[in-house]
Amino acid sequence: MHPVNTVPAADGDTLHEECGVFGVWAPGLDVARMTYFGLKALQHRGQESAGIAVGNGSTVLVRKDEGLVDQVFTDADLKAMPGKVACGHVRYGTSGGGGWEGAQPHLSTINDTIIALAHNGTLVNTDAMRRELINMGIPFRTHTDSEVAAKLIGYFTQETHRIREGIASTMAMLEGAYAMALVREDAIYAFRDPDGIRPLVLGELACGKGWVVASETCALDIVDASYVRDIEPGEIVKISDDGLESQQEYRSATSSPCIFEQVYFARPDSVMGGGTVYSARRRMGERLAQEAPADADLVIGVPDSGLPPAEGFARASGLPFGEGLIKNRYVARTFIQPTQELREMGVRLKLNALKDVVAGKRLVLVDDSIVRGTTMAQIVRMLRDAGAAEVHVRINSPEVRWPCFYGIDTDTQDQLISANKSVDEIRGFIGADSLAFLSVEGLLASVPPAPGHCCACFTGDYPVAIPEVFSRGSFLEGYEPTNLTDPSPTALMSVQEVADVLEVCREESENAWGHEVVGASGRGEQEG
C-alpha cells in the first residue's frame, strides 16, 4: 500500500530541488544504516520518496517507497540489507511524475548483473532515446528521465562488456543536469554532467574504512566522513576492492554549478566552493543592505533559509536582528489532507508570527526568493495582523523570471510572478511597503569565486541547450532565452550510431581503466 502525496498549499509557492543522492563503499560496516542517516541529512532536497540499494557481493537489494526517509525504512528493513556498498535517494519529482515507480534508485539488469542508479537533476533530451530503446525491445516501467539513463547504461554495457564504458557512452549522449551514483554488487560509480550543474562531493570515512559520495557535505558529517573534494564535472569515479579510480571523460569549457544551491537548496552547514553556505547567505544579506537599505526598527528572516541573509542585512545596516516568525518544524510533506479551512490558511500551517516582537515595529523581512508570490503575500498579511507598522520585503536573490530545465520545478514562465509583473506591481500584490531584490552582480559577489555559475532562472542564459520539443510552451510571448548553445554532435546521434562510433574507438585505443568485463555470466570480473 502506497500513501497518496498531498502538499500543503504554501508549498506551491516554493522552489523545489529534484532530489538528493548518497552512496557509500565500506566493507565490514552497516552500509544500509549509513545510507539511511545520509539520506536523513539530505531530506530537505526531497520529501516525496526515498530508496536504498545495497550490493552484497553477489547481487543488489533495493527498498524504496513513497514518503519521508523514516516513513519508508524500519530498523528491520535495514537489518535485512547487509552489504559492502550502497546508494540512496530522496526525491522531489519534477520529471516523469511521482508514485512508487518514480522512486529511486532505479534498478536495471545487464545480463545477470543488477545495477541501481540514483540521479539528481533533469535530462532534457531523453524522449528520442526512450523511443529508440523501446523500439529495440527494451522495456520501461516509468516516464522518468532517470530510467532512460539507467537503461542506456545497461545497453551500452552489454555492447562494450564494461560498466565504465557503458557510463561513458551514456554521458556522451545525455544533455542536461545530472549527478549520479550507481551501485553493482561489489562497486560504486559516481559521475556528474560536464557542466557540473548539480553538486556531488567525495568524502573519506574515518580511519580509512571507506568512501562516501553525496549531494552535500552535510551528509558526510553525519556518517563521520571528511570532505575530500568535489566530483569534477564530467568525471567518473569508481570505488571497489581495487581502491578509488578516476577518469575525466567530458568537460565543458566553463563549469556552471547551480547558483540556487547557495541561495536556497543546500543546507546552511554544507560547504560549497570552500566556504559554508551559511556564510555565503550572510554575505548576500550584507550586499542587499548596501543595494536596498530600509528605514526600519527590526530585521527578521523567513525560516530557515532567510535567517542568515537577515542576519547579514542587520549587521550591515546597523539594525537589530530578531526572530519574528516561528516555524513549525514538524510540518514537512504530509500524507493527511488538512481541512479546506486549514488549507486556506496556507502558510499558517508552517509559520506563526511572534506578536510581542513585531507589534508596532517597522520591519525588514528577508527571504530567499519570490516565485509565485502567494506565500509572501500571506506572510506579510500575517505580520500586519500581528501588529507590524510597516513591512519592507528584501529578497537575497534576483528576480526569478525564467523557467529552469535542470532540476527545479519551474518549467513554465507563466508560473513566475516576476515574469508577469513589475517590482512595484509585485509589491502591491504581496502588500509590502517596499520591495527590493539583490542584483545578479551582488549575488555572484557574495558566493565563493568560481569559473562560472548557472544563473539561467535570473538571466535566461542557459548553459546547456534546451531542445524545442522539451521547452515548447515554457516561455511567455516577448521572452527570448539567450545563450542556448547548440547540442553537442554526439547528443544528436542515435543510440545505435553512438554504439558504432564507440566500437571504432575501442578498436583504435586501449581502455585506460583496464578491462572490467560484464559478460554473459553477468558477474563483473577483473582481467589481468
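Let me start with Glu 291, which forms a salt bridge with Arg 287. The closest N and O atoms of Glu 291 and Arg 287 are 3.0 Å apart. This is a predicted model, so please take every value I quote as computed. Glu 291 and Arg 287 both sit in helix α9, residues 277-291. They are four residues apart, about one turn of that helix. How accessible are the two ends? Glu 291 has a relative accessibility of 32% and counts as partly exposed. Arg 287 has a relative accessible area of 27%, and is also partly exposed.

That pair stays within one helix. The next one does not. Asp 304 and Lys 327 meet through their side chains in a salt bridge, at 3.1 Å from N to O. Here the pair links distant parts of the chain, 23 residues apart. Asp 304 is in the loop between β16, residues 298-301, and α10, residues 307-317. Lys 327 is in strand β17, which covers residues 325-327. For accessibility, Asp 304 comes out at 35%, partly exposed, and Lys 327 at 28%, partly exposed as well.

There is also a network to show. Asp 30, Arg 33, Asp 75 and Lys 79 are joined into one network by salt bridges that share partners. One of the pairs in it is Arg 33 with Asp 75, where the closest N and O atoms are 2.8 Å apart. What does that pair tie together? Arg 33 lies in helix α1 and Asp 75 in helix α3, residues 75-79, so the salt bridge connects parts that are 42 residues apart in sequence. Arg 33 is partly exposed at 24% relative accessible area. Asp 75 is partly exposed too, at 39%. As for the total, a search of the whole structure finds 25 salt bridges. In general, side chains of opposite charge can pair when their charged atoms come close.

Now the sheet. Seven strands form an open sheet with antiparallel pairing. Reading across, the order is β3-β2-β4-β1-β10-β9-β11. Which strands stand at the edges? They are β3, residues 60-66, and β11, residues 225-230. Each of these has a single partner strand, so one side of each is left without a neighbour in the sheet. On average, neighbouring strands of this sheet are turned by 15 degrees against each other, ignoring direction.

To look at one pairing, take β1, residues 19-25, and β4, residues 85-91. The two run antiparallel and are joined by seven bridges. If you want a position to find on screen, Gly 23 stands opposite Cys 87 in β4. Helix α1, the one that carries Arg 33, packs on this sheet. The helix spans residues 31-41 and touches β1, β2, β4 and β9. Its direction makes about 25 degrees with that of β4.

Last, the chain as a whole. It has 18 helices and 23 strands. There are 528 residues, and 58% of them count as buried. Among contacts between residues at least 6 apart in sequence, 70% join residues at least 24 apart. The accessible surface comes to about 20300 Å², and 51% of that belongs to carbon and sulfur atoms.

Methods: Residues are numbered from 1 along each chain as its sequence is written. This is a predicted model: local features need pLDDT of at least 70, side-chain atom pairs count only at pLDDT 80 or more; totals for chains, interfaces and linings use all residues. Side-chain values use heavy atoms; hydrogens and water are left out. Two strands pair if DSSP finds at least two bridges between them. Axes are lines fitted to C-alpha atoms, for helices over the stretch in contact, and angles run from 0 to 180 degrees between N-to-C directions. Contact means heavy atoms within 4.5 Å. A salt bridge is a side-chain nitrogen of Lys or Arg within 4 Å of a carboxyl oxygen of Asp or Glu. Buried means under 20% relative accessible area, exposed over 50%, partly exposed in between (1.4 Å probe, protein chains only). Accessible areas come from the Shrake-Rupley method with a 1.4 Å probe; for residues, only the protein chains shown count as cover.
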